[in-house]
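Work through the exercises below with the structure in view. Try each task before reading its solution.

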Amino acid sequence: MTPQQENAVRKPHILEVGVLLVCFLAIAFSFTGIFDLSIQLALFIALFMAILLGLRLGYTYDSLQEALKEGIYNGLEAVLILISVGALIGTWIAGGVVPSIIYYGLEFIHPSIFLLGGVNN
């Protein structure tokens, strides 16, 4: 960006953000409740509304696209961790590890232990 373009860029007012949020919620509820469509379409339309707001605030499309890619890159690590943990737990369930832990755990923890554990001296 040139110095002139940096001066033209401004932050959104709370009213602009509120209008964008209300529009998104109205679209999301109407898509899922009234029209029985998937929420992904509403999210796609909200992306275009956010891009239009960014352009109105003075940002270039390239800077918005770079910010979008940076946000995806920053959140990707957490998504990969969740996918790995989900795959690990699914493998444990399919292999019988989780049912074995539940079975032997219930064998080890007898109801009489619960009775003694709840008594206060």
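**Exercise 1. Judge the confidence.** Find where confidence in the chain is lowest and where it is highest.

Solution. Start with the extremes. Helix α1 (residues 3-8) has the lowest confidence, at a mean of 61. Helix α4 (residues 61-95) has the highest, at 96. Now take the whole chain. This is a predicted model, and its average pLDDT is 88. Of the residues, 85% score at least 70. Keep one caution in mind. Where pLDDT is low, the predicted coordinates should not be read in detail.

**Exercise 2. Describe the fold in outline.** State how many helices and strands the chain has, and what share of its residues is buried.

Solution. Count the elements. There are 6 helices and 0 strands. Along the sequence, the pattern reads α-α-α-α-α-α. Next, check burial. The chain has 121 residues, and 11% of them are buried. Last, look at the contacts with a separation of 6 or more. Residues 24 or more positions apart account for 49% of these.

**Exercise 3. Analyse the packing of α2 and α3.** Work out how the two helices are oriented and which residues meet.

Solution. Step one is the geometry. Two packed helices are described by the angle between their axes and the distance between the axes. Helix α2 (residues 14-34) packs against helix α3 (residues 39-56) at about 160°, and the axes lie 9 Å apart. Angles over 145 degrees count as roughly antiparallel, so α2 is roughly antiparallel to α3. Step two is the handedness. The crossing of α2 and α3 is right-handed. Step three is the contact. From α2, the residues include L20, F24, I27 and F31. From α3, they include L43, A46, M49 and L53. By class, the contact of α2 with α3 has 15 nonpolar, 1 polar and 2 charged residues.

**Exercise 4. Compare with α4 and α5.** Repeat the analysis for this pair of helices.

Solution. Geometry again. The axes of α4 and helix α5 (residues 97-108) come within 4 Å and cross at roughly 65°. Angles of 65 to 115 degrees count as roughly perpendicular, so that label fits α4 and α5. Now the contact. W92, I93 and G95 of α4 meet V97, V98 and P99 of α5. The classes are 5 nonpolar, 1 polar and no charged residues.

**Exercise 5. Inspect two residues.** Decide whether D36 and Q40 are buried or exposed.

Solution. Begin with D36. It sits in the loop between α2 and α3. Its relative accessibility is 67%, so D36 counts as exposed. Its backbone has a feature to note: D36 is not a glycine, yet its phi is positive, at about 55°. Move on to Q40. Q40 belongs to helix α3. The cut-off for exposed is over 50%. Q40 has a relative accessible area of 53%, so it is exposed. Finally, relate Q40 to A28. The two are 12 residues apart along the chain, and their C-alpha atoms are separated by 9.0 Å.

How values were computed:
Residues are numbered from 1 along each chain as its sequence is written. This is a predicted model: local features need pLDDT of at least 70, side-chain atom pairs count only at pLDDT 80 or more; totals for chains, interfaces and linings use all residues. Side-chain values use heavy atoms; hydrogens and water are left out. Axes are lines fitted to C-alpha atoms, for helices over the stretch in contact, and angles run from 0 to 180 degrees between N-to-C directions. Angles under 35 degrees count as roughly parallel, over 145 as roughly antiparallel, 65 to 115 as roughly perpendicular and the rest as oblique. A crossing is left-handed if the near helix is turned anticlockwise from the far one by less than a right angle, and right-handed if clockwise. Contact means heavy atoms within 4.5 Å. Ala, Val, Leu, Ile, Met, Phe, Trp, Tyr, Cys and Pro count as nonpolar, Asp, Glu, Lys and Arg as charged, and the others, Gly among them, as polar. pLDDT is the predictor's confidence in each residue, from 0 to 100. Buried means under 20% relative accessible area, exposed over 50%, partly exposed in between (1.4 Å probe, protein chains only).
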